[in-house]
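This report describes a structure through its contacts, its sheet and its ligand shell. The sequence and the coordinates are shown first.

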Amino acid sequence: MTAVDTDRVAELDRREPLLAAEQVTMRFGGLVAVDSVDFRVYPGEIMGLIGPNGAGKTTFFNCLTGLYLPTSGRVLFDGSVLPPKPRRVVKAGMARTFQNIRLFANMTALENVMVGRYCRTSAGPFTSIIRGPKFRREEAETRARAQALLEFVGLDGTAESLARNLPYGDQRRLEIARALATDPKLLLLDEPTAGMNPQETRQAEELIFKIRDQGLAVVVIEHDMRFIFNLCDRVLCLVQGKALIEGTPHEVQSDPRVIEAYIGKGPETDEAAQTDGHHDEQQEA
Ligand SMILES: Nc1ncnc2c1ncn2[C@@H]1O[C@H](COP(=O)(O)OP(=O)(O)OP(=O)(O)O)[C@@H](O)[C@H]1O
């Protein structure tokens, strides 16, 4: 089953974008990693970002999320340019996961999600030290919300497990739960299925649809073509830092330039794309 609905995509196009990248360029010395890229994400859509290794996807992601200040161009979130400060970006409503899992390995699953929630609490250092009523009330709310998010991502029953003891696919879902704890409007997922088995990948797909159905916009970087074309409303393909094509999954996957960019690794050979050297590296990380 495909998620793509042409009427839905047309409707999305009539709305104000939640995220808009305008002519974003990122240079590292003489290397142009991202070259004049325009990109729009609308509320409630799933947007895919694909491209061969080294195409500039992660660098572009880092520009979108304020980790990098673009060399030129700008990124607007909800109509404003955000300061390149992670806490401000998160508070504005943008959350992300990384290519390599970044959990607090020795904390429980519940504690990991609670950490994500603290950007939405207001108890100051003094109230926290004396553990006053406001702190205790917020702590109870944070715990309840974290527990609900664990259930939402399908991790109920793991609340007290240490993050490092969870299976790989569960760790990835835990990262998503932690990102959701910040109450984002936009969730950015950097290779959410890297290293997953087919069953975990299917579960990840269902989870992302569920997140979209809550009204969030989602941007996904992936190498797994079958996953991305089944999941996304629209897809942008980057090649050597430039936007090669943006369109519906059907438009993108049938464009011969995309297949050529992957040196023959079209959708029909996506298993090969999943098992290339890049993914082995991710699994070892
Ligand atoms: N911090 C950096 N300093 C210098 N060059 C960088 C830096 N980060 C990325 N690059 C270079 O920018 C280019 C784009 O890299 P990037 O990681 O964004 O690509 P990607 O599409 O995410 O690749 P992959 O699919 O392998 O993760 C590459 O040539 C890379 O070597």
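## Contacts of Leu-186

Beyond its neighbours within four places in sequence, Leu-186 is in contact with Leu-18, Leu-19, Val-41, Gly-93, Met-94, Leu-216, Ala-217 and Val-219; contact requires C-beta atoms, placed from the backbone, within 7 Å. The model is predicted: local features need pLDDT of at least 70, side-chain atom pairs count only at pLDDT 80 or more, and totals for chains, interfaces and linings use all residues. Residues are numbered from 1 along each chain as its sequence is written.

## Nonpolar core

Leu-186 also ranks, with Ala-177, Val-218 and Val-220, among the residues with the most contacts inside the largest nonpolar core, which has 74 residues. Both domain 1 (1-93 + 184-285) and domain 2 (103-183) supply at least three residues to this core; the domain bounds come from an automatic or database assignment.

A nonpolar core is a set of buried Ala, Val, Leu, Ile, Met, Phe, Trp, Tyr and Cys residues joined through C-beta atoms within 7 Å. Buried denotes 20 or more other C-beta atoms within 10 Å of the residue's own, exposed 12 or fewer, and partly exposed in between, with C-beta atoms placed from the backbone.

## Sheet and ligand shell

An open, antiparallel sheet of 4 strands follows the order E2-E1-E4-E5; pairing requires at least two DSSP bridges. Strands (E, at least two residues) and helices (H or I, at least four) are DSSP runs numbered from the N terminus. Between strand E1 (residues 19-28) and strand E4 (residues 72-77) there are 5 bridges, and Leu-19 stands opposite Phe-77 in E4.

The ligand is surrounded by 12 residues, the closest being Phe-28, Ala-33, Lys-57, Thr-58 and Thr-59; the criterion is a C-beta atom, placed from the backbone, within 6 Å. H2 gives the most to this shell, with 3 residues.

Conventions: Contact = placed C-beta atoms within 7 Å.
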